[in-house]
Amino acid sequence: MLKNYVGGVWTEMERSGLLPVENPSTGAILAQVPLSTTAAVDRAVDAAAAAFPAWSRTPVARRTEYLFGLLERLRAQEEALARLITEENGKSLPDARAELKRLIENCEVAFGMPVLQQGDKLIGASEGIDGEVLRLPIGVCAMAGPFNFPGMVPFWFLPYALAAGNTFVLKPSEQTPLTMQCIAGMIHDTGLPPGVFNLVHGDRTVVERLMDHPQVRGFSLVGSSRTCRIVAERCARAGKRYQAMGGAKNHLVVMPDARIDEAVRNMVSSCFGCAGQRCMAASAIVAVGDEVYRQVCDQLVAAARKVVIRDPLDPAVAAEPMVLGPVISAKAKQFILEMIETGVREGAELLVDGRQAALPARGHFIGPTIFGRVRPGMAIHRTEIFGPVVVVLQAASFDEAVRILNDHEYGNGASIYTQSGYWARRFKLEAECGMIGVNVGIPAPVAHLPFGGMKASLLSDIKAQGRAVIQFYTDSKIITERFWPEA
Ligand code: NAD
């Protein structure tokens, strides 16, 4: 059974039950995760609140030293951690390694906190008066993560929060809690003072208590837009600052002048990598013109039929860059199968049927699935399916293609494939999405830049990672001061 990490010790706490953590490739039970009660959450928040005064006064360079210690441990254990991510999530080993690379990159960016947290000073704001802006830590911060990036997503927040002088309570996804459990052990080994970082396992009960708790000053959640709406309402009611990063339906627009062979190569990993369970996965292709539609469908169908579907830890395929693993659970698989049924009922053309693929006997596998002749507004276009299912639409022009994606509820990422600077420039300016790619399949920004969408994909204003998130983890205090001459 997994334990919570509170006040610097591993501890069994009040719980309402246990949930099995499953390897989605094999069905094997890897661990039991406790469903902590509100009393357990309160103890973690108390520990974080008690640690805050001393931690916030610790010099910033000393605070980042603990992150250097963590980085050494992460690097030493990188391969073991990648396997753990693959075991609990089902993504391929190369995808798990890429996740860890981005996790580490976020630590590296947070090392810059002595510069990033600097305030400002204005000499002569008025006659004999100076102005000053201080950036101060806010207090206890908390975060709840999704199942699809069990290591990387918490690191969009955690290293910045700590380096800026806040204390932290993390609730990993109850479906994939093992990666952060392991990393919490590494954090402990750095000698970080007790209570500065705390880990509480559980489900929505933990999230609800963290949002309601008066001592939690900032709360971040990455998950479905449905959960994000709850976060936005509940945190606003509690008078708390929050971040709520939600779901997606990412479109790839292919223009007539695109390098279609390269575009399709990108699409295969973008649509089917991580079994389509990336928030930046492409799940809708918009082909501009008849000829582009035909070529994209032909080439994508041929490529999808070659995708290897297997347990990603099978030694025969472990080194393959593109292995289609399972989706996270039987429930997720059931939903995806229902959406495939819906697409057929809606009259879309099922070009590749993932239900018919040769699938491993155990685990929650679905083969690559492609729908053609999809019209905007069909349920398979509106809905975030979060599986290896892609819909292909046709537009008559650039304007119509942009209208299709701008009319969509979500606005996380979108890419255009074109060799023309003119179309690329218009796309950058006109597409209502937070992260834009030009000839890039998954335009997930590096850790030095902000990460976050628009519309229903981001129900708050401050984005994750990079310089942007420091605004979230600090309060600016503005000083206006003068001194009269000595009498
Ligand atoms: P989820 O919303 O089910 O769960 C996310 C977290 O919220 C978990 O920790 C869970 O315990 C908690 N939670 C779930 N329901 C809750 C409720 N009713 N009240 C309070 N807390 C609740 O999401 P998931 O299935 O784990 O993750 C997949 C989703 O996350 C997809 O929609 C994906 O697009 C999204 N995602 C978005 C981004 C982004 O950057 N925008 C990144 C990764 C994943």
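## Composition of the shell

By class, the ligand in this predicted model is surrounded by a shell of 13 nonpolar, nine polar and four charged residues, where Gly counts as polar and Asp, Glu, Lys and Arg count as charged. Of these 26 residues around the ligand, Gly 145, Glu 174, Thr 227, Gly 246 and Glu 384 come nearest, a residue being near if one of its heavy atoms lies within 4 Å.

## Polar contacts and cover

Polar contacts are pairs of N or O atoms within 3.5 Å. Oxygen atoms of the ligand lie 2.7 Å from a polar side-chain atom of Thr 227, 2.8 Å from a polar side-chain atom of Glu 174 and 2.8 Å from a polar backbone atom of Gly 145. Of the 850 Å² of accessible area that the ligand has on its own, the protein covers 91% (Shrake-Rupley method, 1.4 Å probe).

## Position between domains

Domain 1 (4-246 + 459-480) and domain 2 (250-438) both give residues to the shell, so the ligand lies between them; the bounds come from an automatic or database domain assignment.

## Basis of the values

Local features need pLDDT of at least 70, and side-chain atom pairs count only at pLDDT 80 or more, whereas totals for chains, interfaces and linings use all residues. Residues are numbered from 1 along each chain as its sequence is written, and side-chain values use heavy atoms, with hydrogens and water left out.

How values were computed:
Polar contact = N/O pair within 3.5 Å; in protein donor to acceptor, adjacent residues only side chain to side chain.
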